[in-house]
Number of protein chains: 2
Amino acid sequence: MSHSGYACLMAMDRDQVLRDAAALLSRKSTATMDEVARAAGIGRATLHRHFAGRDALVRALEELGIREFEVAFDNARLDEGTAVDGLRRLVAEAEPNAELLAFLVTENQLFEGDQVHEGWARLDARVSALFRRGQEEGHIRIDLSPAWLTEALYGLIGTCAWAVMDGRVAAKDFQYMIIELLLGGARRSVEK
Amino acid sequence: MSHSGYACLMAMDRDQVLRDAAALLSRKSTATMDEVARAAGIGRATLHRHFAGRDALVRALEELGIREFEVAFDNARLDEGTAVDGLRRLVAEAEPNAELLAFLVTENQLFEGDQVHEGWARLDARVSALFRRGQEEGHIRIDLSPAWLTEALYGLIGTCAWAVMDGRVAAKDFQYMIIELLLGGARRSVEK
DNA sequence: CCCGAATGAGACATCTCCGTCTCATCGAAT
DNA sequence: ATTCGATGAGACGGAGATGTCTCATTCGGG
């Protein structure tokens with residue numbers, strides 16, 4: 001039977017369509033379904049066969065994003081080593097889905113009547129816990145709240161993803177630019 | 001004659017409408033013209049009397065944003081003192097228009113056929129020059145490109161504006177959170 | 001007190017986009 | 001070569017947003 005092989009191929013295509021859609025929608029949120037389809041290299045009809053409508057597409061983007069980032073978090077093994085090491089691994093794992101994250105962060109439709117999406121809240125909690133652990137270990141400043149550091153991490157990942165898309169930052173520097181700025185800051189060490 | 005006084009009042013109303021529109025559109029870019037009008041506390045007809053259409057509204061947002069930030073840059077006196085001091089003043093001056101900046105950064109319609117808006121490019125150049133000067137003075141790390149630092153500054157301002165809107169960060173901490181993270185980073189100094 | 005400008009609310013036609021449909025074509029498995 | 005499923009292109013009606021209009025009301029100046 002060719003069922004399983006087919007389903008897998010479809011799933012990969014589906015995810016790739018979603019990634020292309022995220023890359024476009026994160027920069028032009030008013031893009032037409034036709035534009036989304038073109039950006040993904042498929043026809044509008046095929047796009048509609050995969051996702052019932054625009055709402056369903058956004059829902060699917062949310063679900064894929066949350067799923068991918070939960071996997072990324074697991075792969076980053078945030079509990080091993082120091083929080084700083086975990087953060088480095090997290091950024092590395094997040095890189096392939098950075099455009100997806102950029103879309104999710106800017107698209108506030110994750111909120112359904114002032115209520116945050118459950119999976120998103122779970123991710124927030126994990127990142128916050130990571131920063132809090134870093135503070136308790138003495139490696140992270142305590143005058144910057146975990147909530148802010150979490151938002152800043154998301155923001156910097158999205159910003160850097162856009163900068164790479166626009167050619168302002170080299171793709172190979174993605175992790176370095178984010179981690180070095182987030183951890184070390186722009187100021188040059190005085191004692192140097 | 002009541003002409004001049006009237007024009008001034010209108011201009012203030014107009015700018016306030018634009019600010020409200022930016023705050024809404026930066027979080028819900030698909031918002032209806034009616035929603036924009038409600039968010040600004042005016043009727044849809046009045047909104048249309050000020051701005052011919054949605055495109056005109058976005059154009060006006062661009063122009064206001066660029067104008068406000070050029071004023072902010074002037075007020076920040078970027079040439080006086082060290083680049084770091086100039087950066088501090090810049091963030092302080094930018095705070096009142098942070099939501100506007102958040103809209104402009106995420107809304108990529110500043111690009112008209114792969115060509116960046118002229119005024120925006122000018123602002124970019126000023127920020128980049130500021131960071132470059134900081135590097136030459138020895139106060140800013142040279143392994144982080146001015147282009148990336150510029151984007152990161154915009155990104156952090158927008159992110160922090162959203163965090164304040166969502167109640168994740170206290171409004172009074174706005175400048176501190178941005179400046180401290182951007183300059184010093186999250187890592188706690190080792191020699192402490 | 002009166003007058004004029006600006007506003008808000010609503011009606012209306014128009015237009016764009018959406019969702020669904022059909023049909024011809026393509027590719028892969030048999 | 002044949003068949004079956006998926007795809008792309010295009011047509012179609014419908015829904016929602018847009019842009020324009022009118023009209024009653026309000027507000028401020030004369």
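## How the two chains are related

By what turn and what shift along the axis can chain A be laid on chain B? In this predicted model, a turn of 179° and a shift of 0.1 Å along the axis lay chain A on chain B with an RMSD of 0.1 Å. The two copies are therefore related as by a two-fold rotation axis. Within chain A, the C-alpha nearest that axis belongs to A:Gly185, which lies 1.8 Å from it. The same surface serves both copies, since 100% of the contact residues of chain A recur in chain B.

## The make-up of chain A

Chain A contains nine helices and zero strands, and its pattern along the sequence reads α-α-α-α-α-α-α-α-α. Of its 192 residues, 49% count as buried. The accessible surface of chain A comes to about 9100 Å², and 51% of that surface belongs to carbon and sulfur atoms.

The contacts in chain A can also be described by how far apart the partners stand in sequence. Among contacts with a separation of 6 or more, 64% are accounted for by residues 24 or more positions apart.

## The surface near DNA strand C

DNA strand C is surrounded by 16 residues, of which the closest are A:Thr32, A:Arg44, A:Arg54, B:Gly43 and B:Thr46. By class, the residues of this surface divide into five nonpolar, six polar and five charged. Of the atoms of DNA strand C within 4 Å of the protein, 59% belong to sugar or phosphate, while the rest belong to bases.

Polar contacts with DNA strand C involve both a base and phosphates. In chain A, an N or O atom in the side chain of A:Arg44 is 3.0 Å from a base oxygen of the strand. In chain B, a backbone N or O atom of B:Gly43 lies 2.9 Å from a phosphate oxygen, and an N or O atom in the side chain of B:Thr46 is 2.3 Å from a phosphate oxygen. The elements that give two or more residues to this surface are α3 (44–50) of chain A and α3 (44–50) of chain B, and α3(B) gives the most, with four residues.

## The surface near DNA strand D

Which residues are the closest to DNA strand D? They are A:Gly43, A:Thr46, B:Thr32, B:Met33 and B:Arg54, out of 15 residues that surround the strand. This surface has four nonpolar, six polar and five charged residues. Sugar or phosphate accounts for 57% of the atoms of DNA strand D within 4 Å of the protein, and bases account for the rest.

A:Arg44, already described beside a base oxygen of DNA strand C, also has a polar side-chain atom 3.1 Å from a base nitrogen of DNA strand D. A polar side-chain atom of A:Arg49 lies 3.2 Å from a base oxygen of DNA strand D, whereas an N or O atom in the side chain of B:His48 is 3.3 Å from a phosphate oxygen of the strand. Here too, α3 of chain A and α3 of chain B are the elements that give two or more residues to the surface, but for DNA strand D it is α3(A) that gives the most, with four residues.

## Helix α9 of chain B

Is helix α9 (residues 174–184) of chain B largely enclosed or largely open? Nine of its 11 residues are buried, so the helix is largely enclosed by the rest of the structure. The buried residues include B:Phe174, B:Met177, B:Leu181 and B:Gly184. Their cover comes from both chains, and includes α8 (146–165) and α9 (174–184) of chain A as well as α5 (83–94), α6 (98–106), α7 and α8 of chain B. Just after α9(B), B:Gly185 takes a positive phi of about 80°.

## A buried loop residue, B:Leu144

B:Leu144 sits in the loop between α7 (118–137) and α8 (146–165) of chain B. Its relative accessible area is 0%, so B:Leu144 is buried. Leaving aside residues up to four places away in sequence, B:Leu144 touches A:Tyr176, A:Met177, A:Glu180, A:Leu181, A:Gly185 and A:Ala186 in chain A, together with B:Gln135 and B:Leu149 in chain B. One of these partners, A:Gly185, is the residue of chain A whose C-alpha is nearest the axis. The C-alpha atom of B:Leu144 is separated by 9.7 Å from that of B:Phe131, a residue 13 residues apart from it along the chain.

Methods
Residues numbered from 1 in each chain as written. Chains lettered and ligands numbered in written order. Predicted model: local features only at pLDDT ≥ 70, side-chain atom pairs only at ≥ 80, totals over all residues. Heavy atoms only, no water. Near = heavy atom within 4 Å. Polar contact = N/O pair within 3.5 Å; in protein donor to acceptor, adjacent residues only side chain to side chain. Nonpolar A, V, L, I, M, F, W, Y, C, P; charged D, E, K, R; others polar. Buried < 20%, exposed > 50% of the residue type's maximum accessible area, 1.4 Å probe, protein only. Contact = heavy atoms within 4.5 Å. Areas by Shrake-Rupley, 256 points an atom, 1.4 Å probe, with all protein chains shown as cover. Least-squares fit on C-alpha atoms with pLDDT ≥ 70 in both.
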